[in-house]
Amino acid sequence: MTEALAATPQNAFETLLAGNRRFVAGASEHPNQDAARRTETAPAQSPFAVLFGCSDSRLAAEIIFDRGLGDLFVVRMAGHVLGPEVLGSVEYGVSVLGSPLVVVLGHDACGAVAATRAAIADGTTAGGYVRDVVEKVTPSVLAARAAGHTEDADYIAEHIRHTVDLLLDRSRALAEAVQAGRVAVVGLSYRLADGTAHLVTARGLDLPAGSVA
């Protein structure tokens, strides 16, 4: 089955959430995963969303959003921490491939956030290059602590918001695309136990009041 997708930020967002609802309900359609789609996308790609998520093995984007070949331009890093390569990948998805939606996907029980909380609480330092991940998550954890948060979900949400803010602060190309109405950036939090993706923050979408956590 090959499915055509409308390339607007709002439609892209609705398409993504519709796929997640199918996945949660156990009614995944597995669109764009057949031989015809493979042939269609071989010469070029036009993904409807750039998805920047955590590297966690339980966070496979095409599965939890019920998508297929050529639908999502996926970038993954432990703790969805930002670096030049990530920014370049996101900008490529938006500026070159024309994706109208950028998604930051975090999740509960995130090991990077847990390790950072432990390092701050115990005054310890992670070894090797894990230290770099912890250092980049630290501002989010400190902000959550300063706000008086104690629950894991609040720490995760703060880190997702921080990542969205960093994307827009550091990437002029992305910020200008959002300002022009060509692209939206959203932050979603995924729940491992039930498979649901919940909206945490959004830039460039016209959403009902109260829809953002």
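I looked up phenylalanine 73 and found it buried, because its relative accessibility is 17% and the cut-off for buried is under 20%. I note here that the model is predicted.

**Aromatic pair.** I searched the whole structure for aromatic pairs and got 1. The partners are phenylalanine 73 and tyrosine 92, with ring centres 5.9 Å apart and planes at 35 degrees, so I logged the pair as tilted. Phenylalanine 73 belongs to strand S2 (residues 72-76) and tyrosine 92 to helix H4 (residues 84-96), so the pair ties together parts 19 residues apart in sequence. I then checked the other partner: tyrosine 92 has 39% relative accessibility and therefore counts as partly exposed.

**Charge over a ring.** I next looked at arginine 117. Its charged end sits over the ring of tyrosine 155, at 3.8 Å from the ring centre.

**Two threonines.** I looked up threonine 116 in helix H5 (residues 111-122). Its relative accessibility is 0%, so I entered it as buried. Which residues does threonine 116 touch, not counting those up to four places away in sequence? I listed Val134, Val137, Thr138 and Val141.

I did the same for threonine 163, which is found in helix H7 (residues 152-170). Threonine 163 counts as buried because its relative accessibility is 2%. With neighbours within four places in sequence left aside, I found threonine 163 in contact with Phe52, His80, Leu82 and Val104.

**Second largest pocket.** I put the space in the second largest pocket at about 180 Å³. Its lining has 11 residues, and those nearest the pocket centre are Ala153, Ser189, Arg191, His198 and Val200. I asked which elements give two or more residues to this lining. They are H7 and strand S5 (197-203). H7 supplies the largest share of the lining, 4 residues. By residue class, I sorted the lining of the second largest pocket into 6 nonpolar, 2 polar and 3 charged.

**Positive phi.** I kept in mind that most residues other than glycine have a negative phi. Aspartate 66 is not a glycine, yet I read a positive phi of about 50 degrees for it. Aspartate 66 lies in the loop between H3 and S2. Is aspartate 66 buried or exposed? I have it as buried, because its relative accessible area is 1%.

Alanine 109 is another entry under this heading: it is not a glycine and has a positive phi of about 55 degrees. I placed alanine 109 in the loop between strand S3 (101-107) and H5. Its relative accessible area is 48%, so I entered alanine 109 as partly exposed; the cut-off for exposed is over 50%.

**Alanine 60.** I found alanine 60 in the loop between strand S1 (49-53) and helix H3 (61-64). At 24% relative accessibility, alanine 60 counts as partly exposed. I also took the C-alpha to C-alpha distance from alanine 60 to valine 74, which is 9.5 Å in space for residues 14 apart in sequence.

Methods:
Residues numbered from 1 in each chain as written. Predicted model: local features only at pLDDT ≥ 70, side-chain atom pairs only at ≥ 80, totals over all residues. Heavy atoms only, no water. Buried < 20%, exposed > 50% of the residue type's maximum accessible area, 1.4 Å probe, protein only. Contact = heavy atoms within 4.5 Å. Phe/Tyr/Trp six-rings, centres within 6.5 Å; stacked < 30°, edge-to-face > 60°. Lys NZ or Arg CZ within 6 Å of the ring centre and 35° of its normal. 1 Å grid on protein atoms, 1.4 Å probe; cavity = no way out; pocket = protein on both sides within 12 Å on 5 of 7 lines; lining within 4 Å. Points joined across faces, edges and corners; volume = space filled by probe spheres on them. Nonpolar A, V, L, I, M, F, W, Y, C, P; charged D, E, K, R; others polar.
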